[in-house]
Amino acid sequence: MEQDQYILRRFSEKDGQQEAFQLLVRTYQERMYSIVRKMVIDHDDADDVMQEAFVKVWRNLEKFKGSSQLYTWLYRIATNEALRFLEKKKKRFFLPLGDANQALATKVDQAPSLDGDEIQRRLQKALLQLPDKQRLVFNLKYFEDLKYDAIAEITGTSVGGLKASYHLAVKKIEALLQLETI
């Protein structure tokens with residue numbers, strides 16, 4: 001991407017780092033926030049995760065080698081921060097997985113962005129029944145419409161493993177949604 005090259009070039013120049021970082025944030029913040037919000041559910045939590053992710057990006061952008069696309073590198077940082085956040089939250093409150101998922105499901109019920117959209121609410125609750133990494137793979141493939149190669153770069157997982165994980169996630173979600181309609 002031409003804009004990515006500009007961002008990286010400007011960031012390598014000491015007088016251009018602020019401009020480059022602001023452009024990076026403007027370009028990718030919304031997309032990154034979307035995937036983080038689907039993982040942590042709560043808006044305030046998503047903002048906290050995004051802040052941590054962008055701090056890491058700022059500290060490490062000069063180390064970016066270009067062996068992957070900039071957006072996959074950014075997604076990797078953001079999704080790792082989201083997974084780390086969820087793990088810390090479970091440990092901090094000594095929550096068993098089921099209780100943590102129930103707490104997130106309650107937040108889904110209270111999310112104003114899902115008002116009146118019962119199908120979306122049911123899907124989000126079904127997604128909370130998946131292990132975090134499987135939910136991440138589903139979100140990246142289904143909602144973000146990323147190719148398996150890009151998801152592999154983001155998650156550090158093989159394409160074959162991702163396909164299997166996505167297939168299992170779809171089957172689990174279908175089964176959960178069918179149970180809910182019975």
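**Close-up 1. Ile41, a buried loop residue.** With a relative accessible area of 7%, Ile41 is buried, since under 20% counts as buried. As in every view here, we are looking at a predicted model. Ile41 sits in the loop that joins helix 2 and helix 3. Take a moment over its backbone: phi is positive, at about 70°, although Ile41 is not a glycine. For context, a negative phi is what most residues other than glycine have.

**Close-up 2. Helix 2 against helix 3.** On either side of that loop lie helix 2, residues 17-40, and helix 3, residues 43-60. A pair of packed helices is described by the angle between the axes and the distance between them. Here the angle is about 140° and the axes are 9 Å apart. That angle makes helix 2 oblique to helix 3, and their crossing is right-handed. Helix 2 brings Gln17, Gln18, Phe21, Leu24, Val25, Gln29, Met32, Tyr33, Val36, Arg37 and Val40 to the contact. From helix 3 come His43, Asp45, Ala46, Asp47, Val49, Met50, Phe54, Val57 and Trp58. Sorted by character, the residues of this contact are 13 nonpolar, four polar and three charged.

**Close-up 3. Helix 6 against helix 7.** Helix 6, residues 118-127, packs with helix 7 at an angle of about 145°, and their axes are 10 Å apart. On the helix 6 side, look for Gln120, Leu123, Gln124 and Leu127. They meet Arg135, Phe138, Asn139, Tyr142 and Phe143 of helix 7. The contact of helix 6 with helix 7 divides into five nonpolar residues, three polar and one charged.

**Close-up 4. The surroundings of Arg135.** Arg135, a residue of helix 7, deserves a view of its own. Is this arginine buried or exposed? Its relative accessibility is 1%, so Arg135 counts as buried. Its side chain makes a polar contact with the side chain of Asp132, at 3.0 Å. A polar atom of the Arg135 side chain also lies 3.3 Å from the backbone oxygen of Lys38. Arg135 is also one of the helix 7 residues that meet helix 6.

**Close-up 5. Asp145, an exposed loop residue.** Our last stop is the loop between helix 7 (132-143) and helix 8 (148-155), where Asp145 is found. Asp145 has a positive phi of about 55°, although it is not a glycine. Ile41 too has a positive phi, of about 70°. Their surroundings, though, contrast: Asp145 is exposed, with a relative accessible area of 60%, whereas Ile41 is buried.

Note on methods
Residues numbered from 1 in each chain as written. Predicted model: local features only at pLDDT ≥ 70, side-chain atom pairs only at ≥ 80, totals over all residues. Heavy atoms only, no water. Axes fitted to C-alpha atoms, helices over the stretch in contact; angles between N-to-C directions. Helix = DSSP H or I, 4+ residues; strand = E, 2+ residues; numbered from the N terminus. Parallel < 35°, antiparallel > 145°, perpendicular 65-115°, else oblique. Left-handed = near helix turned anticlockwise from the far one by under 90°. Contact = heavy atoms within 4.5 Å. Nonpolar A, V, L, I, M, F, W, Y, C, P; charged D, E, K, R; others polar. Buried < 20%, exposed > 50% of the residue type's maximum accessible area, 1.4 Å probe, protein only. Polar contact = N/O pair within 3.5 Å; in protein donor to acceptor, adjacent residues only side chain to side chain.
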